[in-house]
Amino acid sequence: MAQTTLEVHYPPERGTLGVRGNLLPLSWTYSLPPAERDGDKMMFRLDVPAGEILEFKLVRNDKDWSFGRNFSVQAGGTVSIHPYFDRSYGASEAEVRQIHSPQLGRDVRYRLFLPPSYFEHPENHYPVLYAQDGQALFADSPDPIDGHSWRVDDALNELYELGAAEEILVVGVYTDYERIDMLSPMPDPHYKGGGGGRYRDFITDTLKPFIDANFRTRPGRADTALMGASMGGLFSFWSAWTRPDVFGKAACLSSSFWWNGRALVREVQHGGCPFPPPLLYIDSGAAKNAFEEDSNLRDGYHHTAALRSALIGHCYEPGKNLHTLAFAGMSHNNASWAARVAIPLQLLFPPRR
């Protein structure tokens with residue numbers, strides 16, 4: 001037999017918890033109480049046959065089963081669980097909030113996604129993802145141009161049901177007004193722009209302090225991430241690269257690394273390393289036909305590959321602090337990003353254990 005430990009966190013005022021499972025001394029019929037309790041932390045210590053996998057669920061007040069699939073732990077292991085019972089899914093707020101940006105000289109709109117346990121676990125604090133193009137981020141807000149959205153809320157809820165990602169708070173920033181200027185780090189000879197520095201400073205100096213002060217976040221760089229696609233991916237990469245003290249992670253999908261003669265690729269090739277280097281996820285679609293001329297179908301694959309080559313050996317090691325993927329047949333649009341957004345969400349926010 002191997003002693004197996006379940007560390008369960010739950011506010012005591014919300015109910016009494018027990019555990020049920022597939023192996024003795026547990027059953028699916030009766031709840032076993034914790035061996036010890038200290039505030040919101042309960043310890044269950046079980047002797048499980050060596051080599052077995054224990055599947056279990058938490059039950060509140062002998063009637064409410066925790067949401068999500070069965071938890072599991074290898075015999076002899078330890079697992080930490082924050083179960084929730086009141087709501088099975090996180091939800092994006094219907095309200096479109098706004099906050100004044102002195103850096104941009106105007107109000108900026110944003111929407112929030114709160115994780116399922118947010119109101120049930122007042123002791124919990126959460127990582128934060130600052131996502132560009134908030135106007136097309138959630139399932140109920142399709143982009144008026146192509147009729148699709150990223151469906152980030154759906155992707156997160158599916159991951160939570162599987163126990164495949166940590167719960168996070170998402171701030172979807174609307175970037176539909178003066179988008180090119182807002183998301184471009186420097187001017188491009190043809191498209192102009194170049195106001196990305198002001199927008200980055202708005203997030204770091206105005207929006208993030210407000211979110212951290214008014215919501216239960218974990219404000220450190222390790223728990224603060226950026227995400228975007230196209231120009232939003234370019235901006236997210238550049239902001240993490242230039243402010244690694246604030247942003248410890250960035251997911252950059254189909255990024256516009258062609259901007260200004262591939263200026264950021266050249267900067268990576270010839271510049272210094274950010275310290276500490278942020279964790280990066282970088283991807284693109286790719287045309288199935290190597291001779292495809294449509295840029296949307298090509299999706300900047302060769303630009304992304306050039307950046308990957310510049311990063312490797314220059315601060316970055318694939319599989320450690322750099323993940324780069326290509327998706328043949330996926331093009332430059334919201335539907336393609338929705339189809340794969342669960343991948344960077346899992347890489348940036350793996351489940352806590």
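# Close-up views of a predicted model

**View 1. A nonpolar surface patch built from three residues.** Ile180, Tyr191 and Trp258 form a nonpolar patch on the surface, with about 280 Å² of accessible area together. The structure is a predicted model. Tyr191 sits in the loop between helix H2 (179-183) and helix H3 (196-214). Its relative accessible area is 47%, so Tyr191 counts as partly exposed.

**View 2. Tyr191 stacks on Trp259.** The structure holds 16 aromatic pairs. A pair of aromatic rings is described by the distance of the centres and the angle of the planes. One edge-to-face pair is Tyr10 and Phe85, with 5.3 Å centre to centre and 80° between the planes. Tyr10 lies in the loop between strand S1 (2-9) and S2, while Phe85 lies in the loop between strand S8 (78-81) and strand S9 (91-92), so this pair ties together parts that are 75 residues apart in sequence. Both Tyr10 and Phe85 are buried. Tyr191 and Trp259 form a stacked pair, at 6.1 Å centre to centre and 25° between the planes. Tyr191 is in the loop between H2 and H3 and Trp259 is in helix H5, so the contact ties together parts that are 68 residues apart in sequence. The two partners differ in cover: Tyr191 is partly exposed at 47% relative accessibility, whereas Trp259 is buried at 2%.

**View 3. An aromatic cluster of four residues.** Tyr199, Phe202, Phe235 and Trp238 form one aromatic cluster.

**View 4. Strand S2, enclosed by the rest of the structure.** Strand S2 covers residues 17-21. Of its 5 residues, 5 are buried, so the strand is largely enclosed by the rest of the structure. Leu17, Val19 and Gly21 point one way from S2. Gly18 and Arg20 point the other way. Strand S5 (residues 53-60) runs antiparallel to S2, and 5 bridges join the two. Gly18 has Val59 as its bridge partner in S5.

**View 5. The disulfide of Cys273 and Cys315.** A search of the whole structure finds 1 disulfide. It joins Cys273 to Cys315, with an S to S distance of 1.8 Å. The link is left-handed, with -100° about the S-S bond. It connects distant parts of the chain, 42 residues apart. Cys273 is in the loop between helix H5 (259-270) and strand S16 (279-286). Cys315 is in the loop between helix H7 (301-311) and strand S17 (322-328). Cys273 is partly exposed, with a relative accessible area of 44%. Cys315 is also partly exposed, at 23%.

**View 6. Cys252, a cysteine too far from Cys315 for a bond.** Why does Cys252 not bond to the closest cysteine sulfur? That closest sulfur is in Cys315 and lies 15 Å from the sulfur of Cys252, so the two are too far apart for a bond. Cys252 is buried, with a relative accessible area of 0%.

**View 7. Asp86 and Arg60 in a salt-bridge network.** The structure holds 21 salt bridges. Side chains of opposite charge can pair when their charged atoms come close. Asp86 forms a salt bridge with Arg60, and their closest N and O atoms are 3.0 Å apart. Asp86 lies in the loop between S8 and S9 and Arg60 in strand S5, so the pair ties together parts that are 26 residues apart in sequence. Asp86 is partly exposed at 44% relative accessible area. Arg60 is buried at 10%. Both belong to a network of salt bridges that links Arg14, Arg60, Lys63, Asp64, Asp86 and Glu120.

**View 8. Arg352 meets Glu166.** Arg352 forms a salt bridge with Glu166, with the closest N and O atoms 3.4 Å apart. Arg352 lies in the segment after helix H9 (342-348) and Glu166 in the loop between helix H1 (152-162) and strand S13 (169-173), so the pair ties together parts that are 186 residues apart in sequence. Arg352 is partly exposed, with a relative accessible area of 40%. Glu166 is buried, with 11%.

**View 9. A salt bridge from helix H3 to helix H2.** The side chains of Arg198 and Asp181 meet in a salt bridge, at 3.1 Å from N to O. Arg198 is in helix H3 and Asp181 in helix H2, 17 residues apart. Arg198 is partly exposed, with a relative accessible area of 41%. Asp181 also counts as partly exposed, at 26% relative accessibility.

Note on methods
Residues are numbered from 1 along each chain as its sequence is written. This is a predicted model: local features need pLDDT of at least 70, side-chain atom pairs count only at pLDDT 80 or more; totals for chains, interfaces and linings use all residues. Side-chain values use heavy atoms; hydrogens and water are left out. Buried means under 20% relative accessible area, exposed over 50%, partly exposed in between (1.4 Å probe, protein chains only). Helices (H or I, at least four residues) and strands (E, at least two) are DSSP runs, numbered from the N terminus. Two strands pair if DSSP finds at least two bridges between them. Patches are made of residues with over 30% relative accessible area and no salt bridge: like charges are joined within 9 Å, nonpolar side chains (Val, Leu, Ile, Met, Phe, Trp, Tyr) within 5 Å. Accessible areas come from the Shrake-Rupley method with a 1.4 Å probe; for residues, only the protein chains shown count as cover. A salt bridge is a side-chain nitrogen of Lys or Arg within 4 Å of a carboxyl oxygen of Asp or Glu. A disulfide is a pair of cysteine sulfur atoms within 2.5 Å. Rings of Phe, Tyr and Trp (its six-membered ring) pair if their centres lie within 6.5 Å; planes under 30 degrees apart count as stacked, over 60 as edge-to-face and the rest as tilted.
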